[in-house]
There are 2 protein chains.
Amino acid sequence: MEEFIFHNPTKIIFGRGKIGELGKEIRPVGKRVLFVYGQGSIRKYGVYDQIVRSLEDGGIERVELPGVRPNPVLSLVYRGIERAREAGVDAVVAAGGGSSMDTAKAIAAGVAADHDVWEFFQFRKTIKKALPVFAVPTVAASASEMNGAAVITREEGARKFSARSPHLNPRTSILDPSVLFSLSPTYSAYSAVDAITHALEGYFNNTAGESALQERLIEALIRTIMESTEIILRDPRNYDARASMMWSAVLAFNGLTTAGLGRATLPVHMMEHSLSALYDIPHGAGLSILLPAWMAFRAAGDPGKFARFGRAIFGIEDWDDLSAALRGARFLRAWFGGIGAPVTLQEGGIPEGDVEAIAEHALALAGVWQLPEYTKDVMIEVLRRCTIPFPG
Amino acid sequence: MEEFIFHNPTKIIFGRGKIGELGKEIRPVGKRVLFVYGQGSIRKYGVYDQIVRSLEDGGIERVELPGVRPNPVLSLVYRGIERAREAGVDAVVAAGGGSSMDTAKAIAAGVAADHDVWEFFQFRKTIKKALPVFAVPTVAASASEMNGAAVITREEGARKFSARSPHLNPRTSILDPSVLFSLSPTYSAYSAVDAITHALEGYFNNTAGESALQERLIEALIRTIMESTEIILRDPRNYDARASMMWSAVLAFNGLTTAGLGRATLPVHMMEHSLSALYDIPHGAGLSILLPAWMAFRAAGDPGKFARFGRAIFGIEDWDDLSAALRGARFLRAWFGGIGAPVTLQEGGIPEGDVEAIAEHALALAGVWQLPEYTKDVMIEVLRRCTIPFPG
């Protein structure tokens, strides 16, 4: 096990009907907030009303910033920073999915900085402070509600970058699994793909070697995410399944699974950022296309961990390592396809002929993400596997 | 899954040679500390020197309170409070096992209170503040380094009680697995028993019903604790095994495994507190005697979860629930015996004839722990199973 720092001070309030506690949580830090949310779905399903009522009950004024879209953009972050400064807010509240939370975090860091917030995303500046962030997630996928990461796309050049700091950890996040009842089957499936990919990137991509504890924790999460998702797709209002999924998705990317793994890298996420920046497809859809193909590509060279995955999750027995590894990648692709997520570029509406252009775009990210082994040729190889029926 | 609040702000710094960071961690909260430790083993193995050097490098003065013993006592807490007040310390540093950390926490709460600290342990007062606590554990068992619990024995009447508050969570804990190299085989075994019991009490004793995620996480921890302990007993200086054990023991009792389980009770711990209060045996030894016997007792009435445990941990197949459950309890007892922990009262040096007197003593705790189903007769039944070769 490698050395690590684990520090996750976010307070999680979990349970049905808990959104009403938001105002009380915010009160100790101030009386005015910027309230960031998406495109109105939180109005439709009562979350907006619950938040507004709780803020009002707590005597907390709000300035609103609606309109966050999937793959959230820098221009909205700038607008939010401006609005937050004008109103002199004490905190930022986010409601919605990862996009709303990431936008809120970027605004929280930007308000407290005396330079362009984009510098943080270019790793040219370190986040040293931020306004406190409070989150009410309505999607269970990103774990942004319990980590310090934010991913923002700069429209110019379609660049999707991330920033990370303990200062971006939400102060309090309120997780009510019943708000997920209305999440569509498609987005429920994308959520599962996203959470599984979060868990698996650490599992496959780390410098620690064998890590029995972390591997077991990750396998426990993946089993639960798969099982819950299968129940959710049959029975969207199943509270226990939504709750298991909601908490598993958090644990899959809140630092728990990677503590001790050394340098845990995210090459699948990196390549996906090119897909969603270029084609504006949902993050979960991009990951569903890329992950099994990437697994098959990597397994061919070093099947050990991929074989373990195939055996632990899909019960693949009586096969040598390479076969177990490749079968694991295929079974995972079949499972993704079965829950309704796209598993080839074509299914994602991405022209097969764009493989080279996508690799070219991702190459710029490989530098920033410090993944020099992801050359253009390597990425072309992975992307080609995203165009064929069998990833490997 | 039941509603929960998860809030664990302790910062964990994990890795070889990290004790030197202690001074830097303390500096933001003050310049003078009370340094609480045990009976000198930290001097023998270099931990004392590392801590003192780090405090001196950070310009932090110290007042010392050595002499903490297993089953730490209230009189030493009173002495520590007095010493801390006289010296006007800003924080409390603990080095050692659960006893040192629990003593430090009780002192931290007591210094900040205007009444007898024992009121907190009687649940007559709620802890509203405490001095910041910093911990350097040299035993991997209690998880006190990442939770808000403290267990203290009042010598008068041999009463062992606990207090719990987020204010008692250490600010920072530094975990260096290499300090465990010199931990004796006996205490390495007791540590495993303690950590396994922490994990299993939530697994068996909760109000949430089926909880696939938590059960899987707990099974992952138990497998890792067992595997690591077996390696440690063969090879005490195996860094990876010590590291896996050290982090697993923390995760087994830092709130992770019980989040969502509703009311998770600790009847085995409760009964053990009577054993160690009356006979001053190590906590892990008492748990080793009690846990399998208690499992067999409970499994007889409702084998479901106990059968799951037997199947998941010991691979028991082809047996009905009751048989799988009882075999699980027997296998666990055999495993405890195999690592050198006592598994009957007699092996623990406790007279078989004291069963009634122990039950009488534990009855007083059952009220405080709000476990009214633990009548004297029930506890006699469990304790009788602690005197026979087969627990059930």
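Contact here means heavy atoms within 4.5 Å of each other. The structure is a predicted model, in which local features need pLDDT of at least 70 and side-chain atom pairs count only at pLDDT 80 or more, while totals for chains, interfaces and linings use all residues. Residues are numbered from 1 along each chain as its sequence is written, chains are lettered from A and ligands numbered from 1 in the order in which they are written, and side-chain values use heavy atoms, with hydrogens and water left out.

A good place to start is B:Trp247. Leaving aside its neighbours within four places in sequence, B:Trp247 is in contact with A:Met1, A:Phe4, A:Phe6, A:Leu213, A:Gln214 and A:Ala259 from chain A, and with B:Ile12, B:Phe14 and B:Met146 from chain B. The largest nonpolar core has 296 residues, and A:Trp247 and B:Trp247 touch the most other members. Such a core is a set of buried Ala, Val, Leu, Ile, Met, Phe, Trp, Tyr and Cys residues joined through side-chain atoms within 4.5 Å. Buried stands for under 20% relative accessible area, exposed for over 50%, and partly exposed for what lies in between (1.4 Å probe, protein chains only).

Turning to the pair of chains, a turn of 180° and a shift of 0.0 Å along the axis lay chain B on chain A with an RMSD of 0.0 Å. This is the relation of a two-fold axis. The copies were superposed by least squares on the C-alpha atoms of residues with pLDDT of at least 70 in both. B:Pro9 is the residue of chain B that comes closest to the rotation axis, with its C-alpha at 2.0 Å. The copies meet through the same surface, because 100% of the interface residues of chain B are also interface residues in chain A.

At this interface, 36 residues of chain B are in contact with 36 residues of chain A. The area buried between the chains is about 3100 Å², and carbon and sulfur atoms give 63% of it; buried area is the accessible area (1.4 Å probe) that two parts lose on being put together, summed over both. There are 4 salt bridges between chain B and chain A, each being a side-chain nitrogen of Lys or Arg within 4 Å of a carboxyl oxygen of Asp or Glu. A salt bridge joins the side chains of B:Glu227 and A:Arg216, at 2.9 Å from N to O. On the chain B side, strand 1 (4-6), strand 2 (11-14), helix 8 (212-234) and helix 9 (239-251) each supply at least two residues that touch chain A. Helix 8 gives the most, with 10 residues. Helices (H or I, at least four residues) and strands (E, at least two) are DSSP runs, numbered from the N terminus.

Within chain A, A:Arg385 sits in helix 15 (residues 376-385) and is buried, with a relative accessible area of 17%. Beyond residues up to four places away in sequence, A:Arg385 touches A:Ala293, A:Ala296, A:Phe297, A:Arg333, A:Pro391 and A:Gly392. A polar atom of the A:Arg385 side chain lies 3.0 Å from the backbone oxygen of A:Pro391.

Two loop residues of chain A share a backbone feature. A:Phe123, in the loop between helix 6 (118-121) and strand 6 (133-137), has a positive phi near 60° although it is not a glycine. A:Asp318, in the loop between helix 12 (304-314) and helix 13 (321-338), also is not a glycine and has a positive phi of about 60°. A:Asp318 is exposed, with a relative accessible area of 80%.

Definitions and conventions
A polar contact is a pair of N or O atoms within 3.5 Å; within protein, one must be able to donate a hydrogen and the other to accept it, and residues adjacent in sequence count only if both atoms are side-chain atoms.
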